[in-house]
Amino acid sequence: MSAVRSAALAESINATLADLLEQDPRLLLLGEDIGRLGGVFRVTRGLRERFGAERVRDSLLAESTIVGQAVGMAMSGLVPVCEIQFDGFTYPAVNQLVTQAARIGDRWNGQVSPSLVVRIPTGGGVRGVEHHSESNEALFARVPGISVACPSTGEDADQILRYAVTLGSPVVMYEPIRLYWRRNTPARDPEPARSPTAARIVRRGTDLTIATFGAVTHEVLEAAYALSPEVDVEVVDLRWVAPLDMNTVLESVARTGRLLVVHEGSKDVGIGAEVAASVAEHAFDALRGPVRRLAPDRRAYPPADFEKDYLIGVREIKDEVLVMTK
Amino acid sequence: MVLQAETEYGTDPDDDTRRSLLRHMLVARGVDEEARQLQKQGALDLWLSCQGQEAAQVGSALAVGPTATVFPSYREHAVALLRGVTPDELVAQWAGRTFCGWDPRRLRFFPYTLVLAAQTLHGVGYAIGQRLQGRDDLVVVYMGDGATSEGDMSEALNLAAVESASVLFICQNNGWAISKPAGEQMRTSVAERARGFGIESVRVPGQDPETVFSACSRAAAHVRAERAPCLVEIPVGRIHGHSTSDAQEVYRDHEDIARARAADPVTAYAARLGGLGLVDTAWLDAVDAEVRELRERLMKEYV
């Protein structure tokens with residue numbers, strides 16, 4: 001397998017945030033421990049020193065306060081980029097995101113277009129304690145008015161963040177914790193995405209399409225390289241789960257005739273269900289076999305000693321592809 | 001507690017202001033009554049009456065002045081009308097036409113927020129945002145007693161305190177969270193609770209618009225001078241149910257409802273200004289004609 005050494009995700013996001021703060025005086029960062037400490041993952045390290053405590057704001061330890069005040073700041077013309085410390089602590093902010101941030105534009109008849117970003121570290125594989133390894137992107141994907149991004153590289157996170165701060169409606173961006181400081185990752189096709197909101201074909205293949213997103217994209221790529229040349233897998237990194245770029249998926253399925261969806265969040269009523277349903281509706285005739293999903297069962301994320309049983313690994317992905325192509 | 005007064009914000013209303021208080025109260029009462037009628041006729045889906053709260057709303061809204069930015073809850077109809085929201089704009093959302101019928105930016109009267117206390121955090125965030133951009137607005141956030149049980153209310157009070165945000169919280173306490181009486185909702189007053197967060201506060205009766213006007217003038221002056229938050233709690237009467245779908249007779253005894261009606265702030269203030277000779281029959285007739293005209297136009301628009 002070919003691997004490349006690149007800037008870690010945390011470093012890329014740090015550089016993007018610094019550049020955005022440099023360019024737009026209306027933009028500010030808001031989150032727990034993001035200033036003095038630089039964030040628990042050090043994603044915002046050095047930014048408070050560079051841009052000041054007014055623009056890199058250590059928030060109170062209250063998630064509803066973070067998003068609720070960000071909504072008010074957006075009404076005043078600012079562009080708040082919030083950080084929730086861990087995925088599992090998102091829930092106290094859900095009301096402000098779902099009933100307020102997502103609906104402010106409509107409620108104001110378009111007079112307010114809040115560009116408001118909420119960054120959330122996500123996912124497992126780092127031996128986190130309870131509530132520190134969750135994948136709750138599907139929760140927001142169902143909410144009209146909120147866009148949900150799940151980048152798997154620093155380059156994608158950069159493009160997504162730059163787009164998100166200009167969108168005029170809230171964006172939740174999930175950042176895989178286990179990629180924050182990982183430097184060696186499987187090689188990807190250099191082909192750029194068609195637009196900031198588009199999915200990206202990160203490996204061209206002819207036999208089967210895997211649609212995936214987030215950290216597990218790297219396991220999918222490893223599996224694809226390992227299966228080659230016996231099975232030639234095409235890998236689509238969705239990058240956004242709401243709205244989904246189904247055109248890229250449908251075009252890929254039209255070429256390969258097979259679709260597997262892989263994600264880390266639990267399977268039931270998940271992103272994979274939506275992708276599979278769309279393909280069944282719009283590309284049924286192109287399919288050479290049933291669409292399948294590979295994702296954890298519907299259960300809470302387990303204690304760290306058991307997370308390997310929960311997470312989708314390279315071996316499960318290879319096995320699934322072989323079952324589908326035999 | 002001693003609130004610092006500033007001469008530029010007079011604390012006692014002059015005679016013109018007193019007539020203005022009464023006029024706005026009478027207009028609010030008339031529009032509210034027409035909206036209730038329209039709901040009975042099926043022209044509105046729902047109406048949340050503010051009857052009994054006119055003195056609190058008009059007194060506070062006049063006191064904070066036209067430049068303050070108001071984050072209402074959803075029953076601040078008298079504040080809305082005083083700020084220039086027209087009656088047909090006010091009822092549009094209750095007829096299912098829109099989520100907000102007025103221009104929030106121009107009127108500095110932001111849209112109603114139906115999820116309780118959510119607007120309290122928006123108000124504080126807005127005040128911080130304005131300050132960061134060099135604009136030092138006075139932000140006024142309204143909420144009812146029921147909403148103070150929400151976590152966002154406590155979070156907003158704490159945030160406003162630690163950020164020293166220029167926010168005046170105005171809590172209209174009508175004694176009921178739909179059917180839950182105030183005595184079962186809290187063990188202290190809301191004003192006392194605010195002090196626990198480090199926020200100056202005062203509790204004034206909501207029957208007399210002049211008392212409210214004076215207290216809110218002092219509170220607004222305090223916020224402007226100290227650039228620190230303040231809270232005014234105003235106990236008010238509740239004449240009608242929570243909404244037109246509520247049946248308050250089920251849980252509230254008749255004497256209590258009768259007491260609220262007898263203590264009607266609108267008729268009491270009209271009688272008082274009449275007795276003082278500040279308004280005469282001709283003045284009252286003119287306001288009455290104005291209200292009738294507003295009601296007729298509203299009815300024609302919605303029936």
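Guide: In this predicted model, domain bounds come from an automatic or database domain assignment, and by that assignment chain B is divided into domain 1 (45–263) and domain 2 (265–303).

Visitor: How do you know that domain 1 and domain 2 of chain B touch, and how many residues take part on each side?

Guide: Two residues count as being in contact if their C-beta atoms lie within 7 Å, and by this test 9 residues of domain 1 of chain B are in contact with 8 residues of domain 2 of chain B. On the domain 1 side, helix H2 (54–64) and helix H4 (87–91) of chain B are the elements that give two or more residues, and H4(B) gives the most, with 3 residues. By class, that side of domain 1 divides into 5 nonpolar, 2 polar and 2 charged residues. The C-alpha centres of the two domains of chain B lie 24 Å apart.

Visitor: What makes up the contact between chain A and chain B, and which helix of chain A gives the most to it?

Guide: The contact takes 24 residues from chain A and 25 residues from chain B. On the side of chain A, helix H3 (63–75), helix H4 (94–101) and helix H5 (104–107) each supply at least two residues, with H3(A) giving the most, 9 residues. The side of chain A that touches chain B has 8 nonpolar, 13 polar and 3 charged residues; glycine is counted among the polar class in such a tally.

Visitor: Why is strand S2 of chain B called largely enclosed?

Guide: A residue is buried if 20 or more other C-beta atoms lie within 10 Å of its own, and 6 of the 6 residues of strand S2 (residues 139–144) of chain B are buried, so the strand is largely enclosed by the rest of the structure. The burial holds for both faces: Val139(B), Val141(B) and Met143(B) point one way from S2(B), while Val140(B), Tyr142(B) and Gly144(B) point the other way, and all are buried.

Visitor: How do you know which strands S2(B) is paired with, on the side of S1(B) and on the side of S3(B)?

Guide: Two strands pair if DSSP finds at least two bridges between them. S1(B) and S2(B) are joined by 3 bridges and run parallel, which means that they satisfy the cut-off of at least two; within this pairing Val70(B) has Val140(B) as its bridge partner. S2(B) and S3(B) pair in the parallel sense over 6 bridges, and there Val141(B) stands opposite Phe169(B).

Visitor: What makes the sheet of chain B open, and which strands lie at its edges?

Guide: The sheet is formed by 5 strands in the order S1-S2-S3-S7-S6 (chain B), with parallel pairing. Its edge strands are strand S1 (69–71) and strand S6 (200–203) of chain B, each of which pairs on one side only. Further along the order, 6 bridges join strand S3 (residues 167–173) of chain B to strand S7 (residues 230–235) of chain B, among them the one in which Cys171(B) has Glu233(B) as its partner. Neighbouring strands of the sheet are turned by 20 degrees against each other on average, direction ignored. Helix H10 (residues 209–226) of chain B lies across S3, S6 and S7 of chain B, and runs at about 165 degrees to S7(B).

Visitor: Which residues have the most contacts inside the largest nonpolar core?

Guide: That core has 183 residues, and those with the most contacts inside it are Val140(B) and Leu168(B). Leaving aside neighbours within four places in sequence, Leu168(B) is in contact with Val64(B), Leu138(B), Val140(B), Ala219(B), Ala220(B), Val223(B) and Cys230(B). In soluble globular proteins, nonpolar side chains tend to be buried together.

Visitor: What makes helix H7 of chain A mostly covered?

Guide: In helix H7 (residues 154–164) of chain A, 8 of its 11 residues are buried. The buried residues of H7(A) pack against helix H1 (9–23), strand S5 (117–122), strand S6 (147–149) and strand S7 (171–176) of chain A.

Visitor: Why is Leu250(A) called partly exposed?

Guide: Leu250(A), which lies in helix H9 (residues 246–256) of chain A, has 18 other C-beta atoms within 10 Å. A residue is buried at 20 or more and exposed at 12 or fewer, so Leu250(A) with its 18 is partly exposed. Beyond its neighbours within four places in sequence, Leu250(A) is in contact with Val279(A), His282(A) and Ala283(A).

Methods
Residues numbered from 1 in each chain as written. Chains lettered and ligands numbered in written order. Predicted model: local features only at pLDDT ≥ 70, side-chain atom pairs only at ≥ 80, totals over all residues. Helix = DSSP H or I, 4+ residues; strand = E, 2+ residues; numbered from the N terminus. Core = buried A, V, L, I, M, F, W, Y, C linked by C-beta atoms within 7 Å. Axes fitted to C-alpha atoms, helices over the stretch in contact; angles between N-to-C directions.
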